[in-house]
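Welcome! Here is a short briefing to read alongside the sequence and the 3D view.

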Amino acid sequence: MGQTGGLFLSFEGIDGSGKSTQARLLAEALRANGREVVLTREPGGSPGAEEIRALVLQGDPDRWSAETEILLFTAARRDHLERTIRPALARGAVVICDRFADSTRMYQGLSRGDLRGVVDQLHDLMIGVEPDLTLLIDMDPEVGLSRAKGRQGVEERFEDFGADLQRKMRAGFLDLAREYADRFRVIDGARAPEAVAVDVRAVVDAALNARAV
Ligand code: ADP
Ligand code: TYD
């Protein structure tokens with residue numbers, strides 16, 4: 001989305017890989033350098049999309065069919081894009097998004113049969129943009145799961161489906177990083193948060209310098 005002026009970054013990875021922690025640390029560091037940063041997340045990131053988040057992440061996990069779930073995540077993304085992401089990029093801000101369309105490609109595209117084609121078709125029709133840079137925080141699913149399980153809450157996250165699905169998601173994300181090699185950077189998440197943050201910062205600084213924004 002470079003033509004818009006700002007820089008659009010996404011964090012991806014399995015549950016508990018440290019995306020939210022890294023997104024927050026990066027936002028703080030860039031703000032300290034005087035940049036406008038919009039730190040946001042999916043599903044959610046706008047009032048309407050946050051309402052859809054509650055619909056997809058709370059209640060009975062079998063509430064929606066796989067196809068309906070794709071529609072709901074994409075509807076949330078469209079609202080987020082219209083209300084939050086596009087306006088921020090137009091102002092020249094750095095947008096840091098905790099998950100974006102790659103999560104739908106993985107969780108809805110791979111977890112309940114092969115629906116990747118449907119996800120991509122709907123994405124092309126209704127979203128049509130990718131982040132400038134996607135940071136994949138890669139790590140062993142067992143570690144991610146134990147970290148994620150430490151959290152309590154009302155949201156039925158996909159981590160509840162267990163280690164097998166997490167392993168499949170990890171492999172899927174690494175495949176995606178090869179498929180979209182131009183925008184993906186893979187970062188080893190199995191280290192102290194500060195060490196991971198140094199690598200994240202190096203990749204983002206390189207992108208900012210290359211674009212001189
Ligand atoms: P995600 O957003 O990918 O699910 P979080 O950033 O919420 O991950 O981190 C999940 C849990 O693991 C949190 O309790 C967080 O404090 C902890 N955590 C995050 N990064 C690390 C790290 N590098 N090492 C150890 N624990 C971490
Ligand atoms: P998130 O809040 O990022 O959870 P976590 O911090 O545990 O990684 O995302 C909530 C859940 O939503 C997560 O299990 C992944 C799932 N999800 C999808 O299934 N599809 C999507 O398109 C997105 C954005 C998230």
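Which atom of R191 lies 2.7 Å from a nitrogen atom of ligand 1? The partner is a backbone N or O atom of R191. Please keep in mind that this is a predicted model. The points below start at ligand 1 and then turn to helix 1.

**Contacts with ligand 1**
- From S17, a backbone N or O atom lies 3.2 Å from an oxygen atom of ligand 1.
- S20 takes part through its side chain: a polar atom there lies 2.5 Å from an oxygen atom of ligand 1.
- On its own, ligand 1 has 560 Å² of accessible area, and the protein covers 71% of that.

**The shell around ligand 1**
- Ligand 1 is surrounded by 13 residues, and the closest are G16, K19, S20, T21 and R191.
- By type, this shell holds 5 charged, 5 polar and 3 nonpolar residues.
- Helix 1, which spans residues 19-32, gives the shell its largest share, with 3 residues.

**A look at helix 1**
- Helix 1 is made of 14 residues.
- From first C-alpha to last, helix 1 reaches 20 Å, close to the 20 Å expected at 1.5 Å a residue.
- Its buried residues are K19, Q22, A23, L26, A27 and L30.
- These buried residues sit on the same side of helix 1, because they cover an arc of only 135° around the axis.
- K19 is worth finding in the view: this residue is buried in helix 1, and K19 is also among the closest residues to ligand 1.

Terms used: Residues numbered from 1 in each chain as written. Chains lettered and ligands numbered in written order. Predicted model: local features only at pLDDT ≥ 70, side-chain atom pairs only at ≥ 80, totals over all residues. Heavy atoms only, no water. Near = heavy atom within 4 Å. Polar contact = N/O pair within 3.5 Å; in protein donor to acceptor, adjacent residues only side chain to side chain. Areas by Shrake-Rupley, 256 points an atom, 1.4 Å probe, with all protein chains shown as cover. Helix = DSSP H or I, 4+ residues; strand = E, 2+ residues; numbered from the N terminus. Nonpolar A, V, L, I, M, F, W, Y, C, P; charged D, E, K, R; others polar. Expected span 1.5 Å × (residues − 1). Buried < 20%, exposed > 50% of the residue type's maximum accessible area, 1.4 Å probe, protein only. Arc of directions from axis to C-beta.
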